[in-house]
Amino acid sequence: MKLIFASSNKNKIKEIKALLPSHFEVLGLEDIGITEEIPEPGTTIKENSFLKAQYVLDFLKKKNENTAVFADDSGLEVLALNNAPGVYSARYAGTPKSDEANNKKLMEELKLVTDRKARFVTVITLILNGETHYFEGEVKGTISYEKRGANGFGYDPLFIPQGYRSTFAELSAETKNTISHRALAVKKLIEFLIGN
Ligand code: IMP
């Protein structure tokens, strides 16, 4: 089954491909000729997830194609920061987007904060045969006092998932792929796709 993943983030496409059974052919935005950045004007993670999927669907409709499309939108919510950066996770420290600047800002904001509780959340929107379906995943954890590890991307060097001592960036891709917010949302997506 062919699926378009409304993302141009190579790390995420790689992660999703690793999680999906091989009979699913997953194409990213570059594979279908979308090179521009999809606008994310929503005020919630769920809204942006839907808007990304809808954008790609509109693009495909102009070419008379009707492939299933899914999009994910994720964010890091830090309890002591009233759930910031949340929907603004990618551009927390402003534009151009920079993981390094975002992590630096987060460490700065939490410098005097001892409650380090946080969670990653993902909402996947699947638009299949004109119907919209949502799949959510979350992973609870805490924010480290310093950056650790070199794997992954984004806030991975600062996020310690519950039940672990390592940050996401210190864990192997295999381990992250079994416990991450995206993995849990993808698991729900897969269960739905297989059941249909
Ligand atoms: P997106 O909406 O899924 O692209 O993610 C928004 C922001 O959250 C980006 O800055 C990402 O770096 C960050 N993010 C999303 N997923 C992860 C993850 O698994 N680890 C670390 N950061 C992430």
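How far does a polar side-chain atom of D156 lie from a nitrogen atom of the ligand? In this predicted model, the separation comes out at 2.6 Å. Right next door in the sequence, Y155 joins in through its backbone: one of its N or O atoms sits 3.0 Å from a ligand nitrogen. On the oxygen side of the chemistry, R182 takes over, with an N or O atom of its side chain 2.9 Å from an oxygen atom of the ligand. As for burial, the ligand on its own would expose 470 Å², and the protein covers 92% of that area.

The wider surroundings fill in the picture. The ligand occupies the space of the largest pocket. Two elements each supply two or more residues to the shell around it, namely β3 (68-78) and α5 (181-194). That shell counts 15 residues, and the ones that come nearest are K12, D73, D156, K176 and R182. Sorted by character, the shell splits into seven charged residues, four polar ones and four nonpolar ones.

Strand β3 turns up again once the aromatic side chains are considered. The structure contains five aromatic pairs, and one of them brings F5 together with F70. Their ring centres are 4.7 Å apart and the planes meet at 10°; with a stacked pair requiring planes under 30 degrees apart, F5 and F70 therefore count as stacked. As for where the two rings come from, F5 belongs to strand β1 (residues 2-5) and F70 to strand β3, so this pair ties together parts of the chain that are 65 residues apart in sequence.

A few backbone details also deserve a look, beginning just past β3. N82, in the loop between β3 and β4, has a phi near 55°, which is a positive value in a residue that is not glycine. Then comes a cis peptide bond between A84 and P85, with omega at about 0°. P85 itself is part of strand β4 (residues 84-85). Another cis peptide bond links T95 to P96, this time with omega at about -5°. P96 is located in the loop that runs between β4 and α3 (99-109).

Back at the ligand, the contacts can be put side by side: D156 and R182 use side-chain atoms, at 2.6 Å and 2.9 Å, while Y155 uses a backbone atom, at 3.0 Å.

Conventions: Residues numbered from 1 in each chain as written. Predicted model: local features only at pLDDT ≥ 70, side-chain atom pairs only at ≥ 80, totals over all residues. Heavy atoms only, no water. Near = heavy atom within 4 Å. Polar contact = N/O pair within 3.5 Å; in protein donor to acceptor, adjacent residues only side chain to side chain. Areas by Shrake-Rupley, 256 points an atom, 1.4 Å probe, with all protein chains shown as cover. 1 Å grid on protein atoms, 1.4 Å probe; cavity = no way out; pocket = protein on both sides within 12 Å on 5 of 7 lines; lining within 4 Å. Sits in = over half its atoms within 2 Å of the grid points. Helix = DSSP H or I, 4+ residues; strand = E, 2+ residues; numbered from the N terminus. Nonpolar A, V, L, I, M, F, W, Y, C, P; charged D, E, K, R; others polar. Phe/Tyr/Trp six-rings, centres within 6.5 Å; stacked < 30°, edge-to-face > 60°.
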